[in-house]
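Below is a short report on one protein chain. Please look over the sequence and the fold before reading on.

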Amino acid sequence: MTSAILTTIREGQRFLVASHQSPDGDAIASILALSLFLREQGKEVVSFNLDGVPEELAFLPGADGVVRELPEGACFDAGFVLDSGELRRAGGFLKDCCRQLINIDHHPHSEPFGAINWVVEEACATGALIYRLIRDGGFSVSPAVAMCVYTAILSDTGSFRYSNANPEAFEIASTLVGMGISPWMVAGQLYENRPARQLRLLSRVLNTLTVSSCGRFGSVSVTLDMFSATGTGPEDTDGFVNYPRSIRGVEVALFFRQTEAQQFKVGFRSKGKVNVGELAREFGGGGHHNAAGAVVDGAFEEVRTTVLTRLNDLLPLNS
Ligand SMILES: [Mn+2]
């Protein structure tokens, strides 16, 4: 698979590199790792994300080159769509400006929208696949690419805590740290660099904490009013769902984020017993076994009851 991708790279000159909207660390760092590598090979590259680069990832090399709109009439020899599951999440229109699409992903059920679909569910992060691609081609990994790959893996494994923190995650990280990447520097940028408004929002969100009577479901919620009162937005809620999940006995954590008066985006995090990816798909969303999301219409109590009722069915009391 990597040889077909490497051939495409060798034969092309102009490339698009994109990833999913509401990007996480893997989405952005993978774009940057591949974009930097392609430029090192003398290629012309446009790095694209519908939502741009979140503040906490702006330290990554090349971050200031990520665009949210494509130049008019842009045309590419190939477009790489990374970490996206579905083309729609990166931008459905991308297929119109690329002679071919290449899907590189580690999401289960990733749609085969590319001429090449390199989907490796066992990979800890899409960034690890970019690393494999570069190494398979016999190229060396530059310090800038190393910084991005390390960040992608750190971010997608929850700092090496999640079940996808496999041997390859540690092997690649070990190699990169050996090359001079500083774990403290990257962690400091990612986790200890928050604007105060995020903690003001967090304090309100934690006030909404609810644990089900059985103790296995915990949730927090955020409303549009809380955003306006604290001068924050959806991008400031990253990681909030991890608070209810951190409670002893909680199997599934939920984060309800109001998007409209009668609409909520529900984020699911599982400790493993419930496949929240399947659950989210029932509600028209998507995701992994342990992390997923869906948009549900209705008033808050209605949405909460619907989702919790379904969860109760999925996780019988004796399990
Ligand atoms: Mn990922």
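In what order do the 6 strands of the mixed open sheet run? The order is S7-S8-S9-S10-S12-S11, and the pairing is mixed. Strand S7 (210–211) and strand S11 (286–287) are the edge strands, each pairing on one side only. This is a predicted model.

**The mixed sheet**

Strand S10 (residues 263–270) and strand S12 (residues 291–297) run antiparallel and are joined by 7 bridges. In this pair, Gly 267 stands opposite Gly 293 of S12. Helix H12 (residues 300–314) packs on the sheet. The helix touches strand S8 (217–222), strand S9 (252–260), S10 and S12. The directions of H12 and S9 make an angle of about 150°.

**The parallel sheet**

Another open sheet of 6 strands follows the order S3-S2-S1-S4-S5-S6. Its pairing is parallel. Strand S3 (66–67) and strand S6 (116–119) have a single partner strand each, so one side of each is left without a neighbour in the sheet. Strand S1 (residues 14–19) runs parallel to strand S4 (residues 78–82), and 5 bridges join them. Ala 18 stands opposite Val 81 in S4. Helix H2 lies across S1, strand S2 (44–48), S3 and S4. H2 runs at about 165° to S1.

The two strand pairs described above are set out here.

| Strand pair | Direction | Bridges | Opposed residues |
|---|---|---|---|
| S10 (residues 263–270) and S12 (residues 291–297) | antiparallel | 7 bridges | Gly 267 and Gly 293 |
| S1 (residues 14–19) and S4 (residues 78–82) | parallel | 5 bridges | Ala 18 and Val 81 |

**Nonpolar cores**

The largest nonpolar core has 60 residues. Which of them touch the most other members? They are Val 17, Ala 18, Ala 33, Phe 80, Cys 148, Val 149 and Ile 153. Helix H2 (residues 25–40) gives the largest share of this core, 10 residues. Beyond its neighbours within four places in sequence, Ile 153 is in contact with Cys 124, Ala 125, Gly 127, Ala 128, Ala 169, Ile 172 and Ala 173. A second, separate core holds 29 residues, including Leu 201, Met 226, Phe 240 and Val 276.

**Helix H4 and its partner**

Why is helix H4 described as largely enclosed by the rest of the structure? Of the 11 residues of H4 (residues 126–136), 8 are buried, so the helix is largely enclosed. The buried residues are Thr 126, Gly 127, Ala 128, Leu 129, Ile 130, Tyr 131, Leu 133 and Ile 134. Just after H4, Gly 138 takes a positive phi of about 80°.

H4 packs with helix H5 (residues 143–156): the axes come within 7 Å and cross at roughly 145°. From H4, Thr 126, Gly 127, Ala 128, Ile 130, Tyr 131 and Ile 134 take part in the contact. They meet Val 145, Cys 148, Val 149, Ala 152 and Ile 153 in H5. The residues of this contact divide into 9 nonpolar, 2 polar and no charged.

**Two domains**

The domain assignment gives domain 1 (2–191) and domain 2 (198–314). How far apart do their C-alpha centres lie? The separation is 28 Å. The contact takes 6 residues from domain 1 and 6 residues from domain 2. On the side of domain 1 that touches domain 2, the residues divide into 3 nonpolar, 3 polar and no charged.

Notes. Residues numbered from 1 in each chain as written. Predicted model: local features only at pLDDT ≥ 70, side-chain atom pairs only at ≥ 80, totals over all residues. Pairing = 2+ DSSP bridges. Helix = DSSP H or I, 4+ residues; strand = E, 2+ residues; numbered from the N terminus. Contact = placed C-beta atoms within 7 Å. Axes fitted to C-alpha atoms, helices over the stretch in contact; angles between N-to-C directions. Domains from an automatic or database assignment. Nonpolar A, V, L, I, M, F, W, Y, C, P; charged D, E, K, R; others polar. Core = buried A, V, L, I, M, F, W, Y, C linked by C-beta atoms within 7 Å. Buried ≥ 20, exposed ≤ 12 C-beta atoms within 10 Å, placed from the backbone.
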